Amino acid sequence: MFTAPVEDSIRRETDTPADRPQPWWRDAVVYQVYVRSFLDSTGDGVGDLAGVRVGLPYVRRLGVDGIWLSPFYPSPQHDHGYDVADYCAVDPLYGDLHEFDRLVADAHRLGLKVVIDIVPNHCSSAHPWFQEALAGGPADPARSLFHFADGRGEDGELPPNNWRAMFGGPAWSRVRETDGRPGQWYLHLFTPEQPDLNWRDHRVGRHFEHVLRFWLDRGVDGFRIDVAAGLFRHPELPDSPDPAADERTRDSVNPLAWNQPEVHDVWRRWRAVCEEYTARDGLDRLLVGEVSVPTAADQAAYVRPDELHQAFFFHLLSAPWSAGEFRKVIDDALRDIAGTGSTVTWVLNNHDQVRTVTRYDGDTGGFGATRARAAALLMLALPGAAYVYQGEELGLPEVLDLPDDALTDPIFHRTGSRRYVRDGCRVPLPWSGHASPFGFTAPGSTVQPWLPQPAWFAEHTTDRALSDTGSFWHLYREGLNLRRQLPQLGEGSLRWLESPPQVLTFVRGDGMVCAVNFGDDPVPAPVPGIPLLASAGCPPGTLPANTAAWWVGGLPTS
Ligand code: GLC
């Protein structure tokens with residue numbers, strides 16, 4: 001039953017000349033460091049850049065190719081750094097520029113690339129530009145760096161249009177002018193503390209090119225671009241025919257505010273900046289976008305050869321635990337995204353999403369960890385690049401029972417609902433010991449971590465994971481090691497083999513097989529022999545329920 005001919009075969013083309021090695025990012029696995037929650041070196045309960053330096057050998061040992069650092073810029077922290085007040089500095093909460101330089105140097109010494117977050121869609125209301133715009137009044141040229149507009153209604157008391165913010169409430173806030181009277185409104189697709197920048201004003205684009213160069217000159221290897229399908233709005237700011245409900249909604253609900261054609265010119269200019277640096281020193285730089293658009297085909301437009309190098313492919317993350325659903329999103333990605341010459345950037349977890357162990361738990365519960373392990377092996381076997389979010393390698397579940405008064409996510413405070421709250425995946429990492437702070441804060445500190453860690457984090461410390469060969473950590477490490485060793489993994493072809501409906505089986509290159517059983521019953525293994533790596537123990541000839549396994553050789557020939 002498993003030996004039927006290949007159903008289809010998908011190959012990525014590349015335009016890199018044969019004498020030049022492939023850019024590192026094409027099949028890299030990058031570890032996302034959410035700086036606030038990684039490791040606190042100062043004892044103030046918040047992670048910092050010096051803490052990241054301490055943790056780098058741990059990350060290296062896992063076997064990834066680089067790190068992505070969440071925003072560490074000066075910020076009032078209304079959205080934990082995604083509200084940037086100065087794009088060319090480090091918030092004292094996290095360190096300073098010297099510490100950043102040391103971090104880059106350490107990472108490079110360990111062979112790790114450094115990708116930093118850049119937030120071009122909006123800044124902080126504390127940014128000097130916004131402060132200038134407020135102080136200057138309606139005629140001030142600084143207002144055109146943002147979307148200021150007069151309100152509707154007799155006294156301008158109604159917002160300029162009906163758009164809703166992603167984090168709940170209207171997308172407009174009204175300012176008080178210097179004479180103390182209510183005045184114009186400004187647009188913010190996220191919180192009011194994150195005013196949207198007006199990219200039709202050329203000063204904005206010029207500033208960000210300066211920001212890119214500032215960090216490239218300090219040695220970063222790339223940028224993760226926040227809200228990369230944003231930046232431009234419909235020029236007339238018309239009413240949306242279908243405004244989102246007065247509740248937090250997901251990305252891309254308002255086509256007038258997202259995915260406008262002009263954004264592509266920005267990515268072309270940024271790509272040219274990266275290429276200028278590459279031409280100078282031969283080192284490849286990376287632009288990886290958070291591109292939240294409805295389909296893989298929409299996303300493909302962002303990774304055309306002269307635009308972003310990559311874009312996170314979130315459809316894998318949002319697919320329910322089902323062979324059919326996974327198969328569909330993988331096919332879409334390989335067809336539409338790999339077809340552009342880019343590689344698919346797979347992701348199962350990040351700082352905005354419920355962790356896999358909890359997400360895959362199923363209605364009756366109890367399957368989450370097993371399925372999350374299987375999903376990890378599947379992701380690492382797919383052609384392209386992948387991102388691993390800190391704690392994913394420890395099998396951390398989401399913390400679902402944080403008390404209301406501990407929640408810091410603006411989504412909670414703006415919607416009054418816990419539904420989309422993201423604090424549960426951001427709880428500081430457990431490193432060692434049996435009680436909070438689990439080695440997260442500097443020894444001797446009496447300050448609690450910025451989000452409370454549950455007692456059961458004791459089962460998931462890095463110390464414990466490293467010493468238990470059956471842990472998630474060892475599964476990730478082994479998978480990552482094999483990715484380095486097996487020529488079939490990383491970039492290259494994928495061929496599907498016929499499988500029962502609850503199973504996905506594919507072949508990479510010349511005979512590395514990955515099979516995933518999404519069902520709740522064991523199935524016969526598609527390949528004889530002991531798997532090279534499996535997410536759970538496999539009795540001979542069997543692929544257990546909710547399990548993934550890799551084999552090399554022994555591919556059925558009939
Ligand atoms: C992105 C970030 C998220 C942030 C939002 C606004 O989606 O991943 O954490 O809140 O942008 O900047």
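The C-alpha centres of domain 1 and domain 2 lie 57 Å apart. This is a predicted model. Domain 1 covers residues 128–187, and domain 2 covers residues 493–552.

**The cores**

Nonpolar side chains tend to be buried together in soluble globular proteins. Here the largest nonpolar core has 172 residues. Tyr31, Leu69 and Trp346 touch the most other members. Helix α10, residues 368–381, supplies the largest share of this core, nine residues. Both domain 1 (128–187) and domain 2 (493–552) give residues to the core, so it lies between them.

Another core lies apart from this one. It has 11 residues, including Val503, Val507, Val513 and Leu543.

Trp346 deserves a look of its own. Neighbours within four places in sequence are left aside here. Tryptophan 346 is then in contact with Phe313, Leu316, Ile330, Ala333 and Leu334, among others. Its contacts also include Met379, Leu382, Pro383, Gly384, Ala385, Ala386 and Tyr387.

**A three-stranded sheet**

Strands of a sheet pair through backbone hydrogen bonds, either parallel or antiparallel. One open sheet in this model has three strands, in the order β5-β7-β6. Its pairing is antiparallel. The edge strands are β5 (148–149) and β6 (172–176), and each pairs on one side only. Strand β7 spans residues 182–187, and four bridges join β6 to β7. One residue pair can be picked out: the bridge partner of tryptophan 172 is leucine 187, in β7.

**The ligand site**

Which residues are closest to the ligand? They are Asp79, His122, Asp226, Glu290 and Asp352, and 14 residues surround the ligand in total. Three side chains have a polar atom paired with a ligand oxygen atom, as tabulated here.

| Residue | Distance from a polar side-chain atom to a ligand oxygen atom |
|---|---|
| Arginine 224 | 3.1 Å |
| Aspartate 226 | 2.8 Å |
| Glutamate 290 | 2.6 Å |

**Backbone exceptions**

Most residues other than glycine have a negative phi, and most peptide bonds are trans. Some places in this model depart from that pattern.

Glutamine 77 has a positive phi, near 65°, and is not a glycine. Glutamine 77 sits in the loop between β3 (66–69) and α2 (97–109). Is this residue buried or exposed? Glutamine 77 has a relative accessible area of 15%, under the 20% cut-off, so it is buried.

Histidine 80 also has a positive phi, of about 50°, although it is not a glycine. Histidine 80 is placed in the loop between β3 and α2. At 5% relative accessibility, histidine 80 counts as buried, because buried means under 20%.

The peptide bond between serine 436 and proline 437 is cis, with omega about 15°. Where does proline 437 lie? It is in the loop between α11 (410–415) and α12 (462–467).

**An exposed proline**

Proline 294 is found in the loop between β9 (286–289) and α6 (296–300). At 54% relative accessibility, proline 294 counts as exposed, because the cut-off for exposed is over 50%. Proline 294 and phenylalanine 314 are 20 residues apart in sequence. In space they are 10.0 Å apart, C-alpha to C-alpha.

Key:
Residues numbered from 1 in each chain as written. Predicted model: local features only at pLDDT ≥ 70, side-chain atom pairs only at ≥ 80, totals over all residues. Heavy atoms only, no water. Core = buried A, V, L, I, M, F, W, Y, C linked by side-chain atoms within 4.5 Å. Buried < 20%, exposed > 50% of the residue type's maximum accessible area, 1.4 Å probe, protein only. Helix = DSSP H or I, 4+ residues; strand = E, 2+ residues; numbered from the N terminus. Domains from an automatic or database assignment. Contact = heavy atoms within 4.5 Å. Pairing = 2+ DSSP bridges. Near = heavy atom within 4 Å. Polar contact = N/O pair within 3.5 Å; in protein donor to acceptor, adjacent residues only side chain to side chain.
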